[in-house]
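Got the viewer open? Let's take a walk through this one, stop by stop, with something to select at each.

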Amino acid sequence: MSDDFRLPSPNIIQTDNRPLGVLENEMYTRVEEISTSKVAEPGEQNPFSSELGNEFNKGKTADTGGVLEDGMGNRNKANRAQNSSGAYCEQSSSLAPELDLPVKHKADFNSASLFELLSKYERGGKKLEDKHFSNLGSENTSSRKLSTEEIIRVAAERYIQFPGKDLDCVTTFIHPYGSALSSLSMEETSGADLAHLLLAAADRIWEGKFDSARRLLSRSQCMSSKSGNPIERLTSYFSEALQERIRRETGSRKFKMVNENVRVPINGLSTGVDQTVVAIHEYIPFSKVVHFASTQTILEHVATETNIHVIDLHIRSGIHWPPMIQALSERKVHPVQLLKITALNTEDNQKVEDIGKRLESFANPLNINFLFVVVTVDDLSSLKKELLDIQSGEAVVIYASNILRTMIPRPDKLETLMRVIKELSPLIMILFEVDASDNSPSFINRFVAALFFYSTWFDCFEECLDRDNQYRMNLERYHFGEGIINTIATEGEERITRSVKIDVWRSYFARFQMVEVEIPKSSFHQAEMVLKKKFSCARFCTINNDDKCFIIRWKGTPMFSLSTWKFEQTPE
């Protein structure tokens, strides 16, 4: 195929109606050389209430059912906590709060509330050690290098023990993993110092002690570097984000909506063959693993269909479609009469058309009738069924890859899109989303969640790419750096970087009479095959079932979920 895709020939097998605010209060929660014939069967309560600590346990312990720990029972506790505290805390009425402003009047909470968040997350991390690191082999844990996230936990433990002490006065503390890991390297100790400074600065910002926070952040920036080790890089970006938060809180910077040029890197939604994205697809396992699993899932569900219509809600580079095109072209039983891919576009029409030309040039030499269509709308919420030209006898597949999360700040538009999708009566809907929880109205909750989540990403970059790799530096700066600022420093509709856990999506989809369909075992095996065969960092990456979907993790931390959905058939 075209060198623009930088892919070899693919080888894949054929084969209640409650408001969303209530749901969210319940749970804050290229192509590879693989056999082409067959896959081997191998109101949120007050932000500082202790109940909110469950948010961090949910991601670190067993995923199945864990996201629902602070469910209906805690909703009542949240209401009581809010009423009794007298603190302002916005009430969310959907999957995202309609109005999300900084807390202006806080009750007299001290740092102990932050300690609850940190301590519960740290306790969850201990459980993680035995459960999810079994794939690291017989490596001696006493000499194993701590992950970036573990260093954050070390700092959290120290901050809990020595909250009022100056960093220079804290020289010893109990290691959170016990005597087996009681000796930290110089680099790890320095990393814990940096994380300690970040925690202290965020705490001061929440308390309104901005001068003290500025001094801490000035020190953290002097000690950090965007070209250093993972914790130094992470600290540099988080320090910038916290400084931006201070500027906004104190009015030294005028509030303004994020412009469209910034929206692209923040959400990772740029359309076209971006070389950084292509490079990351090759070196970081998540997207390639999920794309192959998604392709296999689609192939399983359209095994007897001859007219297939795939609707891609955001095609990006289109790098994920050549494997499916080739697999369908090689199908002997139920040969495909037409494969149509419709790409929805809200940005640069020419870029999407160029992607279509590349896919067509890939499909032309193959034995398949292929059609690529671009449907351009101002906004996904403007989509109408009539624009998609659904023909009788077509098997419709919806592919939603990291796109629905961008509509969380606009719940009415998300709901409009979902109703249009329901009208299409798709055979299957594939959902690929970030499995994180940074949608809280509370700044301090978002800060703690983001610190642990992004620490995992920066740890992944360290294992997979050289520190001076330009693609890595671009990704950290333009995608993650902007995302960190947006998560921590902004509020309301300006805060467009939002993610929720898979259980939140499950509850949301139930409103539209959608039922989750178990991902085929062949898809799971396909994902594991790609992971082990193509990525040297495979030992750090695991794929686990979570009910009918699967979660892809990095060193135990959930990163992405892949799930499949159908609409219930209503009797006529």
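**Stop one: a strand and its neighbours**

Select Phe550 first: it stands opposite Leu562 in strand S9. You're looking at a predicted model, where local features need pLDDT of at least 70, side-chain atom pairs count only at pLDDT 80 or more, and totals for chains, interfaces and linings use all residues. Residues are numbered from 1 along each chain as its sequence is written, and side-chain values use heavy atoms, with hydrogens and water left out.

Now widen the selection to S8 (residues 549-554) and S9 (residues 557-567), which pair in the antiparallel sense over 5 bridges. Strands here are DSSP runs of E, at least two residues long, and helices are runs of H or I, at least four, numbered from the N terminus; two strands pair if DSSP finds at least two bridges between them. In the hairpin joining S8 and S9, 2 residues sit between the strands, and Lys555 takes a positive phi near 50°.

On the other side in sequence, pick S7 (residues 541-546), antiparallel to S8 and joined to it by 6 bridges. Cys541 is opposite Trp554 in S8. This hairpin also has 2 residues between its strands, with Asp547 at a positive phi near 60°.

Is S8 enclosed or not? 6 of its 6 residues are buried, so S8 is largely enclosed by the rest of the structure. Buried means under 20% relative accessible area, exposed over 50%, and partly exposed in between (1.4 Å probe, protein chains only). Color the two faces separately: Cys549, Ile551 and Arg553 are buried on one, and Phe550, Ile552 and Trp554 on the other.

**Stop two: the core**

Select Phe238, Leu242, Phe286, Leu339, Phe447 and Trp457, the residues with the most contacts inside the largest nonpolar core, which has 103 residues. Such a core is a set of buried Ala, Val, Leu, Ile, Met, Phe, Trp, Tyr and Cys residues joined through side-chain atoms within 4.5 Å. Helix H15 (residues 443-464) gives the most to this core, with 14 residues.

Zoom in on Leu339. Leaving out residues up to four places away in sequence, Leu339 touches Ile308, Val310, Met324, Ile325, Leu328, Ile368, Asn369, Phe370 and Leu371, where contact means heavy atoms within 4.5 Å.

Last selection: Val396, Ala400, Leu431 and Trp505, which are included in a second, separate core of 35 residues.
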